Each structure stands twice: as structure tokens, then as C-alpha cells.
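Work through the exercises below with the structure open. Try each task before reading its solution.

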Amino acid sequence: MHDWATLPRSFYQRHPTEVAPALLNKLLVRDDGRAGRIVEVEAYAGSEDPAAHSFRGQTPRTATMFGEAGHLYVYFSYGMHWGSNAVCGEVGQGWGVLLRALEPVLGLELIREARPAIRHDRDLASGPGRLSQAMGITKALDGADLVRNDRGVRIVADAMAPPTEPAVGPRIGISKAVDFPWRWHVPGHAHVSGRSARR
């Protein structure tokens, strides 16, 4: 058994700008043995954030984002990949943290099978779509409860703390609220998504 502690609901019941940097170095775990260390995240904050899917209120697509904190919000992006988010705050706020990049740490054979065209391990889960594909996350996991290991997905803590001074900057791939410094990553980490690594 691994010495892991599943993050409690209270961890997520905060503003996403508090939750996001605290998620760095936590582990996203699947029940098939796959696990990855979270090394890059972005915060999205509902009605106060024009870049958030939830900015204009709840829709069928964003219903999970307006639900209970600690659930997984999964959305389809650019007609080609899935994005994975941890829901934050209180019910009705539409807050979340996008998981942008992971360092695969367990189940590498399964992760490589899920990303067969990738030549370098640092590219297996560097970017939201790559991360979701590497960890087998699709729309079927939208709404999964990360606190209860619902549908075999959870976020846990081990002995590694978040960086005391995470790298921070603007979010990637958005056209509104581009100046919000709401992206954090582990400084100098090889597995962050490309544009972050070059900053």
C-alpha cells in the first residue's frame, strides 16, 4: 500500500487561486495503477473570470463545475481533446482548477499505451489534452467525486509538498482575462507544457 492521503472536500472548498498552487506536487491517481504528479495548473473563477466556461452561468456542459467541490469537471476542447478540472468553492460558484500537466510516476506502461505516438516521456502528459489521454479521462468521468475515488479517480498527497515559490504567470490558450496571473507550475520542471517551460 502507498502512504497516500486522499485530499478532503475542505481542500477544494476555497477560491481556485488558493487551491491551484496547493495542488502542485499532488498525485492524480487511477485505480488501474496509473499515477501522475501534478506540475502545472490554472485557476478559473466563474462570474469573476471572463475566461471561465462558467462565466455566463450554468449550462448543460458546465453543470459539474457548479456542483459540489472535489468533483472532476471534464470538457471537450477544440473538437479534439478532453480537459480535466477539479471543482472548487461552494455549490453554484462555478469555480475550478484545470490540470495542465503531469509527471507520470506509476503505471508508465499503461500511460505509454494511451499515448503511443509519443517518443519522450516528458511529453506524455504535458498539456491538458495529453494529460487526460494519458490518464484515461473522458466525458465518462465528468462529475466523478475525487474525494470518494468515484469511478476510480482521485487526487492524493504523499510526502512531497508544493513548491514554496511556484512559478506563476498568465494562463495559456485563452482570449479573455489574459493578464490574470492564474497559472502556476513547478519551477524548471521538464514535464510542464511547452510554452511554460520556455518562459
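Three exercises on side chains follow; the model is a predicted one.

**Exercise 1. Find what surrounds R30, and state which side chain of opposite charge is nearest.**

Solution.
- Locate the residue. R30 sits in strand β2, residues 27–30.
- Check for a salt bridge. The nearest side chain of opposite charge is D31, 4.4 Å away. A salt bridge needs a distance within 4 Å, so R30 has none, although R30 is buried.
- Look for a polar partner. A polar atom of the R30 side chain lies 2.8 Å from the backbone oxygen of M135.
- List the contacts. Leaving out residues up to four places away in sequence, R30 touches M135, G136, I137, L141, R151, G152 and V153.

**Exercise 2. Decide whether D142 is buried or exposed, and describe its surroundings.**

Solution.
- Place D142 in the loop between α4 (128–134) and β7 (153–157).
- Apply the cut-off. Buried means under 20% relative accessible area. D142 has 18%, so D142 is buried.
- Find the polar contact. The side chains of D142 and T64 are joined at 3.1 Å.
- Add the contacts beyond four places in sequence: T64, L72, Y73, V74 and R151.

**Exercise 3. Classify the ring pair F180 and W182.**

Solution.
- Start with the search: the whole structure holds four aromatic pairs.
- Take the geometry. F180 and W182 are 4.8 Å apart, centre to centre, with 65 degrees between the planes.
- Compare with the cut-off. Over 60 degrees counts as edge-to-face, so this pair is edge-to-face.
- Check exposure. F180 is partly exposed at 22% relative accessible area, whereas W182 is buried at 13%.

Terms used: Residues are numbered from 1 along each chain as its sequence is written. This is a predicted model: local features need pLDDT of at least 70, side-chain atom pairs count only at pLDDT 80 or more; totals for chains, interfaces and linings use all residues. Side-chain values use heavy atoms; hydrogens and water are left out. Helices (H or I, at least four residues) and strands (E, at least two) are DSSP runs, numbered from the N terminus. Buried means under 20% relative accessible area, exposed over 50%, partly exposed in between (1.4 Å probe, protein chains only). Lys and Arg count as positive and Asp and Glu as negative; His and the chain ends are not counted. A polar contact is a pair of N or O atoms within 3.5 Å; within protein, one must be able to donate a hydrogen and the other to accept it, and residues adjacent in sequence count only if both atoms are side-chain atoms. Contact means heavy atoms within 4.5 Å. Rings of Phe, Tyr and Trp (its six-membered ring) pair if their centres lie within 6.5 Å; planes under 30 degrees apart count as stacked, over 60 as edge-to-face and the rest as tilted.
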